[in-house]
Every structure is written in C-alpha cells, then in structure tokens.
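This report goes through the structure below, beginning with a single polar contact and ending with the chain as a whole.

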Amino acid sequence: MTTLFISDLHLDAERPAVTELFGAFMQGQARRADALYILGDLFEAWVGDDDPSETGAYVAARIREVADAGVPVSFIRGNRDFLVGDALARRAGMRILPDPAVVMLYGKPAILMHGDLLCTGDVAYQAFRAQTRNPAWQAQFLAQPLAARLAFAAQARAASAAHQGGMKQNDKAQFEALTDVTPATVDATLAQFGIDTLIHGHTHRPAIHDLAVGDRTCRRIVLGDWYEQGSVLRVEPDGMALDSL
Ligand code: MN
C-alpha cells in the first residue's frame, strides 16, 4: 500500500529525457499505487488548455492511463502551470485540488500545497501571484491568441531568471532566504490547520523536516525537482520515504 507524491517536474520539449522518465514512472510504479498526487509545476509553462504541444498531449495521456487503471490522480497548480484548467483535467482524468488542500493518508490528515504560498518573504512574487490568480486577469489572458500567451510566458520566465540571478549575485543570503519557505508562515499554516503533516514542493530543497509547533511535533516534507533526476515521496500506512528515481 503506497501513495505517491511528485512535483516540480518542469516538463517541456527542451528536456525530453525527463518527459521519458515521467512516462516510465507513470507506466510503472504509479499504476500500482493507491493514489498519485502531483503538487504543481508538472509543466515548465502552461498558458492554457488549448496549447497543442506534444509534451502536453503526452503527459495527459500518461496520466489518463494511470487514472483508467483505477489509481486516483490529484493535481495542485504550481506557479508555472497555474493555468491548468478543467479541460486538461478532464482529458487527463485527474481532479484539481485547491491550494492548500487537506487529504487523509491511511487515516491521518495531511496538508498539501505547491509551496509558493509559504514563500511570503518574496513580496514581489506574492503580488504577481495574487494578480495572476485573479479570475478577471486569467479570463483576459486566456482570451489572447496562443502565440501572445507563449511570448508572455517566455518573457515572464526570463524576467524571473534575471531577477533571481541578480539577487544571487548581489546577496546570496537574501537569495537563499527568499527562495525558501518563510519559517513563520510554515508554523502559522500548521497551527491554523491543527494538522501535523505538511507536504509541498516548489523550493527544490528535498528534505523531511521535523519541527515543533506549540506542543506538537510536526513534519514538513519537501519534494524534489526533476531537473537532474526524478524525486518521489512514498507514503505507506506505517512510514514514508523520499527517494530519487
Ligand atoms: Mn514552483
């Protein structure tokens, strides 16, 4: 009995080996799982469900096979693929969960998030996030031609890389702090829900952290990205393991 969690695959046409690794994962261990959770940034970019990219079609087909094999697949949107919509979810046979979401894992509750909401130190990013999650902004964006949306996404990624690159050069400590979770926000989230387990991705800093929140011992599990290798969290009734693929 195993429930699998993955995130931050950043799939796109530029890195076909990772897409193949994802395909092998989906055709192998994912089919034998009790459930599969994809916690965001499955795609490097997603500008709307009408995107005809080959990678998108391949990924949707692999998810569909797992769902059709009887494994429930759930997805939380990331900061790169926040425009994944109901059409793609239907095509892939997966359900979209809110961020944060609470699920039961073998009788114990866990909070699931992409993770960007925990990075409250990056005020500029949180403002961008609020703007782009606004339904009116999204409707206006999705009404633009596909080429214009792809150009916007490429420009946003370049601007983000420049912003991060500059920060890394000028102030490495600030860069490390802003691109990781804000500890007080983690504590507040665990306290607010009154749940001991938090699973998220986004920061690309895979680890299992034990931390005290009030008089409780909580656990924060951070999934790894798929840039150099795959990363999967396996949760079983009596334990969990964070593994590389
Ligand atoms: Mn992310």
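A polar contact of 2.9 Å joins the side chain of Ser 74 to that of Arg 95. The model is a predicted one. Ser 74 is part of strand β3, and its relative accessibility is 2%, so Ser 74 counts as buried. Leaving out residues up to four places away in sequence, Ser 74 touches Leu 36, Tyr 37, Ile 38, Arg 95 and Leu 97.

A second serine, Ser 231, can be described in the same terms. Ser 231 belongs to strand β10, which covers residues 231–236. With a relative accessibility of 7%, Ser 231 counts as buried, the limit for that class being under 20%. The side chain of Ser 231 reaches a backbone atom, the nitrogen of Gly 224, at 3.0 Å. Beyond four places in sequence, the residues touched by Ser 231 include Phe 5 and Ile 6, as well as Leu 223, Gly 224, Asp 225 and Trp 226. Leu 242, Asp 243 and Leu 245 are also among the residues that Ser 231 touches.

Ile 195 sits in the loop between α8 (183–193) and β7. At 9% relative accessibility, Ile 195 counts as buried. Its contacts, apart from neighbours within four places in sequence, are Val 102, Pro 109, Ala 110, Ile 111, Leu 190, Arg 216 and Cys 218. One of these, Arg 216, lies 21 residues from Ile 195 along the chain, and the two C-alpha atoms are separated by 9.3 Å.

The table gathers the residues for which a relative accessibility is given.

| Residue | Location | Relative accessibility and class |
|---|---|---|
| Ser 74 | strand β3 | 2%, buried |
| Ser 231 | strand β10 | 7%, buried |
| Ile 195 | loop between α8 and β7 | 9%, buried |
| Tyr 106 | loop between β5 and β6 | 25%, partly exposed |
| His 204 | loop between β7 and β8 | 25%, partly exposed |

Next comes the metal site. The manganese ion has four protein donors: Asp 41 (OD), Asn 79 (OD1), His 114 (NE2) and His 202 (ND1). These donors lie 2.0 to 2.2 Å from the ion. Along the chain, their spacing is D-x37-N-x34-H-x87-H. Asn 79 and His 202 link distant parts of the chain, being 123 residues apart. Asn 79 is in the loop between β3 (73–75) and α3 (86–92), and His 202 is in the loop between β7 (197–200) and β8 (207–213). Both Asn 79 and His 202 are buried.

The loop that holds His 202 also contains His 204. His 204 is not a glycine, yet its phi is positive, at about 60 degrees. Tyr 106 is another residue other than glycine with a positive phi, near 50 degrees. Tyr 106 lies between β5 and β6 (108–112), in the connecting loop. Where is the cis peptide bond that involves Pro 100? The bond runs from Asp 99 to Pro 100, and its omega is near 0 degrees. Pro 100 is in the loop between β4 (95–96) and β5 (101–105). As background, a negative phi is found in most residues other than glycine, and most peptide bonds are trans.

Helix α4 covers residues 123–132, and its buried residues are Tyr 125, Gln 126, Arg 129 and Thr 132. Why do these fall on the same side of α4? They cover an arc of only 135 degrees around the axis, which puts them on that one side. An α-helix has 3.6 residues a turn, so residues three or four places apart point the same way. The buried residues of α4 pack against α5 (135–142). The other side of α4 carries the exposed residues Val 123, Ala 124 and Ala 130.

Last, the chain as a whole. The protein chain has 8 helices and 11 strands. Its radius of gyration is 18 Å, close to the 18 Å that the globule rule gives for 245 residues, so the chain is as compact as a globular protein of that length. Along the principal axes, the C-alpha atoms fill a box of roughly 50 × 45 × 35 Å. Of the 245 residues, 47% count as buried. Among contacts between residues at least 6 apart in sequence, 64% join residues at least 24 apart. The accessible surface of the protein chain is about 11300 Å², and carbon and sulfur atoms account for 54% of it.

How values were computed
Residues are numbered from 1 along each chain as its sequence is written. This is a predicted model: local features need pLDDT of at least 70, side-chain atom pairs count only at pLDDT 80 or more; totals for chains, interfaces and linings use all residues. Side-chain values use heavy atoms; hydrogens and water are left out. Buried means under 20% relative accessible area, exposed over 50%, partly exposed in between (1.4 Å probe, protein chains only). Helices (H or I, at least four residues) and strands (E, at least two) are DSSP runs, numbered from the N terminus. The arc is that of the directions from the helix axis to the C-beta atoms. Contact means heavy atoms within 4.5 Å. Donors are N, O and S atoms within 2.8 Å of the metal (3.2 Å for Na, K and Ca); water is not among the atoms, so sites may look incomplete. A polar contact is a pair of N or O atoms within 3.5 Å; within protein, one must be able to donate a hydrogen and the other to accept it, and residues adjacent in sequence count only if both atoms are side-chain atoms. The radius of gyration is taken over C-alpha atoms; the globule rule is 2.2 Å times the number of residues to the power 0.38. Accessible areas come from the Shrake-Rupley method with a 1.4 Å probe; for residues, only the protein chains shown count as cover.
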